[in-house]
2 protein chains.
Amino acid sequence: MRMAELSERSGVPTATIKYYLREGLLRPGRRINATQAAYDEEHLRRLRLVRALIQVGRMPVATAREVLVAVEDESLDHHSRIGAAVWLLPEGTAGAMETVPDAAAEAAERQAVELLERLGWNFGYAARDDSPAYRMLVGALAALERSGYPCTMEDLLVYGHSAGELGAVDLDMIERYEPGTLQVEAAVAGTVLYEPVLLSLRRLAQAEESNRRFGEGG
Amino acid sequence: MRMAELSERSGVPTATIKYYLREGLLRPGRRINATQAAYDEEHLRRLRLVRALIQVGRMPVATAREVLVAVEDESLDHHSRIGAAVWLLPEGTAGAMETVPDAAAEAAERQAVELLERLGWNFGYAARDDSPAYRMLVGALAALERSGYPCTMEDLLVYGHSAGELGAVDLDMIERYEPGTLQVEAAVAGTVLYEPVLLSLRRLAQAEESNRRFGEGG
């Protein structure tokens with residue numbers, strides 16, 4: 001397909017597609033002549049992924065580029081490849097409080113270690129402490145402590161078990177795709193695109209629960 | 001306590017506290033003399049909440065101010081008060097794709113309505129369609145469709161049920177606080193501060209599940 005069709009089917013403006021091409025986020029099309037190139041379904045799929053990373057994931061171009069390099073890295077085994085791509089995703093989309101090595105940070109580190117032990121999660125990765133997701137968890141627990149809202153292990157276990165169910169359905173979803181690049185792309189897209197689904201459903205669930213407990217005619 | 005102690009106990013620099021005071025995010029202290037004021041535990045609690053909203057919630061000052069007005073509005077019944085405060089929280093922290101009234105947006109609207117019906121959630125609010133959380137959900141479902149990763153109702157129900165469990169534990173957590181302003185503050189803080197806990201645990205769960213299914217020595 002030509003650029004015009006690629007733009008129409010993806011919903012991404014031509015100027016933006018050209019920008020992504022210049023930035024190396026999209027492979028060049030197959031050259032037809034001096035001024036035109038042809039694109040295929042793989043370009044379309046990759047273009048949609050790039051748009052999800054940048055618009056929904058709010059990723060800087062450089063980070064998106066690194067993620068795509070990992071997605072395409074066929075030298076890694078499947079588990080490592082998915083891990084490498086998702087590892088590079090920025091620390092969620094929530095902000096983080098400054099990381100100072102205070103009592104709250106130390107308590108948060110201990111809490112995170114205990115939580116993961118109780119959940120029985122060990123990932124298979126050697127360097128858990130470097131994992132952006134793990135650092136994000138520790139940072140979030142420290143922020144709760146500093147804000148005057150320390151969490152109990154019981155509360156965290158509910159969060160952990162819910163997250164565990166989500167992890168299982170997320171892997172079910174990606175396993176519908178062909179092993180290899182298609183699955184890794186699905187893993188990256190799913191991680192980014194389902195975050196607002198989850199956060200919005202949690203807020204709606206809070207409103208529903210608040211209505212049941214405090215509302216009139218619950 | 002004086003400004004210095006307020007700064008020390010909250011971990012917020014004095015210059016930042018003065019900024020929050022100027023912006024009306026914090027009530028003035030009780031004036032002692034021309035140059036000094038005294039602050040109390042309520043100031044400390046409010047200061048920690050403001051910092052959580054701005055740093056973790058990445059809220060603009062104007063939005064944080066509106067949230068605090070709702071938190072302090074004792075004219076509303078409890079359910080409405082919590083709802084009003086949480087309603088004003090920005091649409092989570094994930095970006096959103098441009099909202100165009102295309103086929104994906106229409107399908108997303110239908111999916112969201114069906115999902116909430118199946119979950120049996122109705123919130124008690126009259127204007128659900130205006131709810132920022134609801135609009136966020138519809139936007140997220142549309143983005144999934146446009147990105148080439150449409151979700152099934154079965155997948156969404158897993159997300160919905162997990163979110164329901166989180167909503168229940170979130171309400172349990174806020175009910176530990178005294179009814180009134182303290183609970184509403186806790187609701188706002190909890191909504192913002194647990195988002196990175198949830199997002200990080202989901203990523204860790206994905207890594208664990210991927211290890212079990214694809215890793216060596218699972």
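Trainee: How much area is buried between chain A and chain B?

Mentor: About 8,900 Å². Carbon and sulfur atoms give 64% of that area. Keep in mind that this is a predicted model.

Trainee: Which residues of chain A lose the most area to chain B?

Mentor: Tyr149(A), Tyr159(A) and Arg203(A). Together they make up 9% of what the chain A side buries.

Trainee: And how many residues does the contact take from each chain?

Mentor: It takes 92 from chain A and 92 from chain B.

Trainee: Do the copies meet through the same surface or different ones, and why?

Mentor: The same surface, because 100% of the interface residues of chain A are also interface residues in chain B.

Trainee: Switching to symmetry. What turn lays chain A on chain B?

Mentor: A turn of 180°, with a shift of 0.0 Å along the axis. The RMSD is then 0.0 Å. Such a relation is that of a two-fold axis.

Trainee: Back to the interface. How many salt bridges cross it?

Mentor: Ten, by the rule used. One pairs the side chains of Arg202(B) and Asp170(A), at 3.0 Å from N to O.

Trainee: What about polar contacts, how many residue pairs?

Mentor: The count is 28 residue pairs between chain A and chain B.

Trainee: Which elements of chain A give two or more residues to that side?

Mentor: Helices, among them H3 (41–56), H8 (153–174) and H10 (195–214) of chain A. H10(A) gives the most, with 20 residues.

Trainee: How many residues on that side are nonpolar, polar and charged?

Mentor: The side of chain A that touches chain B has 47 nonpolar residues, 26 polar and 19 charged.

Conventions
Residues numbered from 1 in each chain as written. Chains lettered and ligands numbered in written order. Predicted model: local features only at pLDDT ≥ 70, side-chain atom pairs only at ≥ 80, totals over all residues. Heavy atoms only, no water. Least-squares fit on C-alpha atoms with pLDDT ≥ 70 in both. Contact = heavy atoms within 4.5 Å. Buried area = accessible area lost by both parts, 1.4 Å probe. Salt bridge = Lys/Arg side-chain N within 4 Å of Asp/Glu carboxyl O. Polar contact = N/O pair within 3.5 Å; in protein donor to acceptor, adjacent residues only side chain to side chain. Helix = DSSP H or I, 4+ residues; strand = E, 2+ residues; numbered from the N terminus. Nonpolar A, V, L, I, M, F, W, Y, C, P; charged D, E, K, R; others polar.
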